[in-house]
Amino acid sequence: MPNLIERFWNKIRPSAGCWEWIGARTDRGYGIFCRGKQRVPAHRYMAWLMSGKTPEVVRHTCDNPGCVNPAHLRNGTQSDNMLDCAAKGRHGPYGEQHGSSKLTAAAVRVIRKSAATNEALARRYSVDRSTVRRARGRETWRHV
């Protein structure tokens, strides 16, 4: 019976570019490696194998979530990951373009200028008061 590390390497299809994970994957395409009862992202396990440390975030320079090639993986922070995402134009729709948005940019401008309570504005725009609070505090709608 192969040990844990052998089992991990048996789930990789190496090539000149990306090393594809051929084991289980998430619905977003990231490899999953089962270490006992624990499910570990395969690219994080590879980063741990290469450095002996578990980084906060492992980023893919190749933008292939199924890749575990150590040459394509970079340790970093969540902030680094979000900056990469924005720089590559993958930050997704936001504001009025987001499919579940109930507010508009014009409504957010009114909310920010209003002296009314979050509760009153939430009722007016049919949203939760936390939506109003986050828009006012620029946690959301920062582009407005």
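This report describes the cysteines, the aromatic residues, one buried arginine and the nonpolar cores of a predicted model.

**Cysteines**

A search of the whole structure finds zero disulfides. A disulfide is a covalent bond between the sulfur atoms of two cysteines. For Cys18, the closest cysteine sulfur belongs to Cys62 and lies 3.8 Å away, which is too far for a bond, because a disulfide requires the two sulfur atoms to be within 2.5 Å. Seen from the other side, Cys62 likewise has its closest cysteine sulfur in Cys18, at 3.8 Å. Cys18 is partly exposed, with a relative accessibility of 21%, and Cys62 is also partly exposed, with a relative accessibility of 25%.

**Aromatic residues**

Across the whole structure, eight aromatic pairs are found. One of them is formed by Phe8 and Trp9, whose ring centres are 6.1 Å apart and whose planes stand at 85°, so that the pair is edge-to-face. Another is formed by Tyr45 and Trp48, where the centres are 5.4 Å apart and the planes at 35°, so that this pair is tilted. Tyr45 and Trp48 both belong to helix H2 (residues 42-51), and because they are three residues apart there, about one helical turn separates them. The accessibility of these four residues is given in the table.

| Residue | Relative accessible area | Class |
|---|---|---|
| Phe8 | 0% | buried |
| Trp9 | 35% | partly exposed |
| Tyr45 | 2% | buried |
| Trp48 | 32% | partly exposed |

Each of the two pairs described above therefore joins a buried residue to a partly exposed one, with Phe8 and Tyr45 as the buried members and Trp9 and Trp48 as the partly exposed members. These four residues are also part of one aromatic cluster, which is formed by Phe8, Trp9, Trp19, Trp21, Phe33, Tyr45 and Trp48.

Within H2, the buried residues include Tyr45, together with Ala42, His43, Met46 and Ala47. After H2 comes Gly52, which has a positive phi, near 80°.

**A buried arginine**

Arg59 is located in strand S5 (residues 57-60), and with a relative accessibility of 17% this arginine counts as buried, because the class covers values under 20%. Its side chain makes polar contacts with two aspartate side chains, that of Asp80 at 3.4 Å and that of Asp84 at 2.7 Å. When neighbours within four places in sequence are left aside, Arg59 is in contact with both of these aspartates and also with His72, Leu73, Arg74, Asn75, Gly76 and Asn81.

**Nonpolar cores**

In soluble globular proteins, nonpolar side chains tend to be buried together. The largest nonpolar core in this model has 13 residues, and those that touch the most other members are Leu103, Val108, Ile111, Tyr125, Val127, Val132 and Trp141. Two or more residues of this core come from each of helix H4 (105-113), helix H5 (118-125) and helix H6 (129-136), and H4 gives the most, with four residues. Leu103, again leaving aside neighbours within four places in sequence, is in contact with Val108, Ile111, Tyr125, Val127 and Trp141, as well as with Glu96, Thr131 and Ala135.

Another core, of twelve residues, lies apart from this one, and among its members are Phe8, Ile12, Val68 and Leu73. Two of these residues appeared earlier, Phe8 as a member of the aromatic cluster and Leu73 as a contact of Arg59.

Technical notes. Residues are numbered from 1 along each chain as its sequence is written. This is a predicted model: local features need pLDDT of at least 70, side-chain atom pairs count only at pLDDT 80 or more; totals for chains, interfaces and linings use all residues. Side-chain values use heavy atoms; hydrogens and water are left out. Buried means under 20% relative accessible area, exposed over 50%, partly exposed in between (1.4 Å probe, protein chains only). Rings of Phe, Tyr and Trp (its six-membered ring) pair if their centres lie within 6.5 Å; planes under 30 degrees apart count as stacked, over 60 as edge-to-face and the rest as tilted. A polar contact is a pair of N or O atoms within 3.5 Å; within protein, one must be able to donate a hydrogen and the other to accept it, and residues adjacent in sequence count only if both atoms are side-chain atoms. Contact means heavy atoms within 4.5 Å. A nonpolar core is a set of buried Ala, Val, Leu, Ile, Met, Phe, Trp, Tyr and Cys residues joined through side-chain atoms within 4.5 Å.
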